[in-house]
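Welcome, and thanks for taking a look at this one. Please open the sequence and the model, and then read on.

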Amino acid sequence: MTNDRELDVWREQWSGVARLSPEFLGQVQERIKVQDRRFWLGNLLAVAGVVGMLILAVYQFSHQASRIEKGRAIGLCVLVFVAVTCRLWFTRGTWRAETQSICAFVELWHRRVLSQIRRLQISIYLAIGWLVFCAALAAANWATVRLELMAHPTAYLAIMLVMVLMLRAIWFWAMWLRRRKVAELNEVTRLLEEMETMND
Amino acid sequence: MSTQPTDSFASQVTLVKEIRRELEQQFERILGEHGAAISRLAYSYEAVTGIQEELAQEIALAVWRALPHFRGECSERTFVFRIAHNRGLTHVRRRRPPQQSLDDLEETDEPVDPRPHLDEQVAQMNQRAQLASAVQSLPVAHKQMIVLMLEGLSHAEIGEVLGITENNVAVRLTRARKALKETMGVTL
């Protein structure tokens, strides 16, 4: 008990709010198990994805005689390298909070959202750059590309169609994610300002 | 000679298992001691009963994840409240809590004992509901201060949780209490 009567009454009332259910611990333990499984599976899938792409690229490079296939394999390796480097570069400083406090957490959260938005923007520029690069490469090697196209016109047409559709879907997804992240940034900025104004 | 690496690996596995078991025991103890506070804190951030439980579980999960990094630089209570509030903030980002009416609060609370002090009990329950509703509707920064104060943390501990000085805590607490009183006045 303190000398503050009002505070004592509030504390007493507060202690009766939201009783803990008896199954709470069991439910949490169950969720921990599920989370552990997801964590391992997620990491395995990510590693398998990157390794799989690299194996595929190396296989294509060593087993395909076609210059287009070799070029695609090199391109895939470069893309993976650039994507991983960009991700690491933009997430620097966002791994952990500088101090262990709520203010530091909100600041870290702000940095993370900013980094996610920047990553998204740079991904869009990279994708556009990639398309321009591919187009330029195809134009420069048009004689070889033309022969390949004439040899398998249906297959290449189908690939082009799938790529166009995929690009469209990725574009809409990226725009949706950007809107969400900008809204999140506004929310975190508001929270930061709210915390800062309390210090004034 | 050839069995050395296997032995070493086996002892490493045993060590990891032991650490995990110790962590599990520590986690169960923390939930036993601070589980009710976690539940109340979840309540302050979320008005819907089902989602409150989910948020309390998420807070507990976050504590579990952070437990291996707990180096004892602060008290266990401070550690738990810090994580709980961070999780609460993340929850606020995801969805804005709808205001809960006093009728809902009365339904979720324990039933009234139909014995002599009925009026007194009903009055107490109403006061508790008013306080709870007022805490829920406070802005996040005020809410953090009030909840930590209601949970009985000292100014130093509150400062540690929020990452601010004790003087600052005193100033903020005064403002937060004023806001709480005003809110309770509005809900009366």
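The briefing below covers the contact between the chains, then the individual chains.

This is a predicted model, in which local features need pLDDT of at least 70 and side-chain atom pairs count only at pLDDT 80 or more, while totals for chains, interfaces and linings use all residues. Residues are numbered from 1 along each chain as its sequence is written, chains are lettered from A and ligands numbered from 1 in the order in which they are written, and side-chain values use heavy atoms, with hydrogens and water left out.

**Extent of the interface**

- Chain B brings 58 residues to the contact and chain A brings 40 residues, where contact means heavy atoms within 4.5 Å.
- About 4600 Å² is buried between chain B and chain A, with 59% of it on carbon and sulfur atoms; buried area is the accessible area (1.4 Å probe) that two parts lose on being put together, summed over both.
- On the chain B side, the residues losing the most area to chain A are Arg40(B), Gln57(B) and Arg93(B), which together give 14% of what that side buries.

**Polar links across the interface**

- Two salt bridges are counted between chain B and chain A, each being a side-chain nitrogen of Lys or Arg within 4 Å of a carboxyl oxygen of Asp or Glu.
- A salt bridge joins the side chains of Arg177(B) and Glu6(A), at 2.7 Å from N to O.

**What chain B presents to chain A**

- Seen by element, α1 (4-45), α2 (49-66), α3 (76-94), α5 (118-137), α6 (140-150), α7 (155-162) and α8 (166-187) of chain B each supply at least two residues of the side that touches chain A; helices are DSSP runs (H or I, at least four residues), and strands (E, at least two) are too, numbered from the N terminus.
- α1(B) gives the largest share of that side, ten residues.

**Inside chain B**

- In α7(B), the buried residues (under 20% relative accessible area, 1.4 Å probe, protein chains only) are Glu157(B), Ile158(B), Gly159(B), Val161(B) and Leu162(B).
- Gly163(B), just after α7(B), takes a positive phi of about 80°.

**Chain A as a whole**

- Chain A has six helices and zero strands, and its pattern along the sequence is α-α-α-α-α-α.
- Of the 200 residues in chain A, 26% are buried.
- Among the contacts in chain A with a separation of 6 or more, 60% come from residues 24 or more positions apart.
- The exposed area of chain A is about 14100 Å², with 69% supplied by carbon and sulfur atoms; accessible areas come from the Shrake-Rupley method with a 1.4 Å probe.

Key. Buried means under 20% relative accessible area, exposed over 50%, partly exposed in between (1.4 Å probe, protein chains only).
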